[in-house]
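Dear colleague,

I am handing over the structure below, together with some notes on what was found in it. Please look through the sequence and the model first, and then read on.

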Amino acid sequence: MNWDREELAWAAGFYDGEGYSRANARKSKSGLFINWTPQVAVVQKRTEPLARLTRLFGFGSVTTRKTQSGCHEWRIHNFEHAQAFMAAVWFKLSPHKKEQFIRTFHQMRIYHAELLPDKKPRGVHWRKRSATT
């Protein structure tokens, strides 16, 4: 994609201040885990900046939280879109947000390894998370 660097810098700053990433379990109606996906999101009271993110990247969805605050959230649940977003804004992210994103993908790998132990890539050894981490 051909993105404008000034727009990417704005998106990075906006995400840095108002966004988060985490490993998110997608479940079936029966409650069984289907898979783990990254969730990248930005929370905001106004929808205009969130719509700007959608226009800039061409992906993500804006939803309204069902809380008293009525905040809106721009979300990415797609693995490839999360990677594309982070690759695009990485050059301007703070060390804290970079670490949060790395942790998100690391958690996804751990969860997949715990749920699907026979699917571990050859030569990769996962460290089981302790209750304190």
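Strands, as the word is used here, are DSSP runs marked E of at least two residues, and they are numbered from the N terminus. Gln 44, for instance, is found in strand S2, and I will come back to this residue below.

Before the details, please keep in mind that this is a predicted model. The mean pLDDT of the chain is 82, with 76% of the residues reaching 70 or more. Over residues 120-130, however, the pLDDT is below 50, and this stretch has 13 contacts in the model beyond near neighbours in sequence. Where pLDDT is low, the predicted coordinates should not be read in detail.

**The chain as a whole**

The secondary structure comes to 4 helices and 4 strands, which follow the pattern α-β-β-α-β-β-α-α when read along the sequence. Of the 133 residues, 35% count as buried, and the accessible surface of the chain comes to about 8,700 Å², with 52% of that area belonging to carbon and sulfur atoms. Among the contacts with a separation of 6 or more, 57% are accounted for by residues 24 or more positions apart.

**Strand S4 and its surroundings**

Strand S4 spans residues 72-76, and because 4 of its 5 residues are buried, it is largely enclosed by the rest of the structure. Strand S3, residues 61-64, pairs with S4 in the antiparallel sense over 4 bridges, and in one of the pairings Thr 63 has Glu 73 as its bridge partner in S4.

Glu 73 deserves a closer look. This residue of S4 is buried, with a relative accessible area of 1%, and its side chain makes a polar contact of 2.6 Å with that of Tyr 20 and another of 2.6 Å with that of Arg 75. Leaving out residues up to four places away in sequence, Glu 73 touches a list of residues that includes Tyr 20, Gln 39, Leu 50, Ser 61 and Thr 63.

Which residue of strand S2 also has a side-chain polar contact with Tyr 20? The residue is Gln 39, which lies in S2 (residues 33-44), and the polar contact between the side chains of Gln 39 and Tyr 20 is 3.1 Å. Gln 39 is buried as well, its relative accessible area being 1%. Beyond its neighbours within four places in sequence, Gln 39 is in contact with residues including Tyr 20, Arg 22, Glu 73 and Arg 75.

Gln 44 of strand S2 is buried at a relative accessible area of 15%, given that buried means under 20%. Its C-alpha atom is 7.1 Å from that of Glu 18, although the two residues are 26 residues apart in sequence. Among the residues that Gln 44 touches, not counting those up to four places away, are Phe 14, Glu 18, Leu 50 and His 72.

**The helices**

In helix H2 (residues 48-57), the buried residues are Pro 49, Leu 50, Leu 53, Leu 56 and Phe 57. Seen down the helix axis, these buried residues fall within an arc of 120 degrees, so they line one face of H2. An α-helix has 3.6 residues a turn, so residues three or four places apart point the same way. After H2 comes Gly 58, which has a positive phi near 80 degrees.

Helix H3 (residues 79-89) has Ala 82, Phe 85, Met 86, Ala 88 and Val 89 buried; they cover an arc of only 160 degrees around the axis, which puts them on the same side of H3. Glu 80 and Ala 87, by contrast, are exposed on the other side of H3. At the start of this helix, a side-chain oxygen of Asn 78 reaches to within 2.8 Å of the backbone nitrogen of Glu 80.

Finally, Phe 105 has its place in helix H4 (residues 95-115) and counts as buried at 15% relative accessibility. Phe 105 and Ala 23 are 82 residues apart along the chain, yet their C-alpha atoms are separated by 7.0 Å. Leaving aside neighbours within four places in sequence, Phe 105 is in contact with Pro 38, Phe 79, Ala 82 and Gln 83, and one of these, Ala 82, is among the buried residues of H3.

With best regards

Terms used. Residues are numbered from 1 along each chain as its sequence is written. Side-chain values use heavy atoms; hydrogens and water are left out. Buried means under 20% relative accessible area, exposed over 50%, partly exposed in between (1.4 Å probe, protein chains only). Two strands pair if DSSP finds at least two bridges between them. pLDDT is the predictor's confidence in each residue, from 0 to 100. Contact means heavy atoms within 4.5 Å. Accessible areas come from the Shrake-Rupley method with a 1.4 Å probe; for residues, only the protein chains shown count as cover. A polar contact is a pair of N or O atoms within 3.5 Å; within protein, one must be able to donate a hydrogen and the other to accept it, and residues adjacent in sequence count only if both atoms are side-chain atoms. The arc is that of the directions from the helix axis to the C-beta atoms.
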